[in-house]
Amino acid sequence: MVPPSYPDRIGATDVTVVSPGRVNLIGEHTDYNDGFVLPLAIERGLEIAVRRRTGSTVRLLSDRGGPAIDIDVGRPLVAGTPCWTRYAAGVIAGFQRLGWTIPGFEALITADLPVGGGLSSSAALEVGIATVIEALCGRALDPVDKALLCQRAEHEFAGVPCGLMDQLAVTCGRRGHALLVDCRSRDVRPVPLGDEIRILVIDSGVKHALGDGGYATRRRECETAARLLGVKALRDVTPLQLAEAERRLPEPERRRARHVVTENERVLSFVAAAERADWPTAGRLMNASHASLRDAFEVSCRELDLICDAVGDVDGVYGRRMTGGGFGGCAVALVDATRADAVEAAATTACTAALGHPPTMFLTHAAAGAATDLVSRDIIPPGR
Ligand code: GLA
């Protein structure tokens, strides 16, 4: 997907990076509790078309309009860069801390991902810019270190205390596979998703902003619950232990802990079901995850609940739930591939009736992580 306006706006390309968005199949709000998650990179994302330039200016342009924004990478960057470019600035700062010399470049960013739609457009931008820097410098970071650098950019430059799931999914995505991540050891295990299923993503249209406070509050409540239970993280508590000890917890910490502890179990059960291609069981686990996020963790919203109720009744849907941080964003459904088109049509009708307008939705499958396509590096000398 080469952006049509590209030659007019920055000239010939040296490097093109494609950086996907992600959906999470199951394991929500477990990553910052050292738990388990099962995200996948999707077939939509960002394309970053790059041209080298002399000097120490990085110029960023977006296909969504607005002026070009210049960042001087000749000096150490600190938080405070405007709007969406802060994600790129945070990543550049991470490489500067590692002692890398960042070359000047111009980048045009084209997206086919809703921004603030819960599909990790910010992680796609962070990991995409990191991949650009690796390509221009001719070196690569270890994938987990790269995800950690991008997560730190989000913490320090965007003020969102996110876990590692999104950046790892965008970095490590594998075609045809979801990724089982143990967020304590950071071990990433690809889990094959057969051709017999497809993923339907439905946008609630409600913009979420994780910097708004609900996300950070949930994270603090989980930390309080772990402290009161005498463990390092809620990952260390089994459902049986929680049943015995939860009297010690006040509300809402008790509900929050119940969600996290049961959600970790659901992730592992989902993987076991996926490995035997038992999609009806996997779907039921997704439904249970949504109920827990709605009632115990309280991060769903009216539109997401309406979508899940509507889609849950459609023939060919194994299960559905909200995906990502919540408070808006997208729902994800696990769909029988042989009926995918009929499911999409029926889901559109059902959601339109429930919401009063047709939501944006698309079918997808698991895609590869962020990668470089070296278009004309040998033809265009650096600095032209
Ligand atoms: C956001 C965060 C992730 C994760 C999810 C909830 O997407 O960026 O780290 O915590 O919310 O599962």
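This note sets out numbered points on a predicted model, covering a mixed sheet, a helix lying across it, a strand pair and a helix pair.

1. Basis. The model is predicted: local features need pLDDT of at least 70 and side-chain atom pairs count only at pLDDT 80 or more, while totals for chains, interfaces and linings use all residues. Residues are numbered from 1 along each chain as its sequence is written, and side-chain values use heavy atoms, with hydrogens and water left out. Helices (H or I, at least four residues) and strands (E, at least two) are DSSP runs, numbered from the N terminus.

2. Sheet. Six strands form an open sheet in the order β5-β4-β6-β3-β1-β13, and the pairing is mixed; two strands pair if DSSP finds at least two bridges between them. At the edges stand β5 (69-72) and β13 (371-373), each of which pairs on one side only. On average, neighbouring strands of this sheet are turned by 25° against each other, direction ignored. Strand β1 (residues 15-24) runs antiparallel to β13, joined to it by 3 bridges; Val18 has Ala371 of β13 as its bridge partner.

3. Helix α5 and Thr171. Helix α5 lies across β1 and β3 (39-52), at about 130° to β1; such angles run from 0 to 180 degrees between N-to-C directions, with axes fitted to C-alpha atoms, for helices over the stretch in contact. Thr171 belongs to α5 (residues 165-172). Thr171 is buried, with a relative accessible area of 14% (buried means under 20%, exposed over 50%, partly exposed in between; 1.4 Å probe, protein chains only). A polar atom of the Thr171 side chain lies 2.7 Å from the backbone oxygen of Gln167. Beyond neighbours within four places in sequence, Thr171 is in contact (heavy atoms within 4.5 Å) with Val127, Pro143, Lys146, Ala147, Gly369 and Ala370.

4. Strands β10 and β11. In strand β10 (residues 317-322), 5 of the 6 residues are buried. Strand β11 (residues 330-336) pairs with β10 in the antiparallel sense over 5 bridges. Met322 has Ala331 of β11 as its bridge partner.

5. Helices α8 and α9. The axes of α8 (residues 253-275) and α9 (residues 279-295) come within 9 Å and cross at roughly 165°. The two helices are therefore roughly antiparallel (angles over 145 degrees; under 35 is roughly parallel, 65 to 115 roughly perpendicular and the rest oblique). Residues making the contact include Arg255, His259 and Phe270 of α8, and Trp279, Leu285 and Asp295 of α9.

Conventions. Polar contact = N/O pair within 3.5 Å; in protein donor to acceptor, adjacent residues only side chain to side chain.
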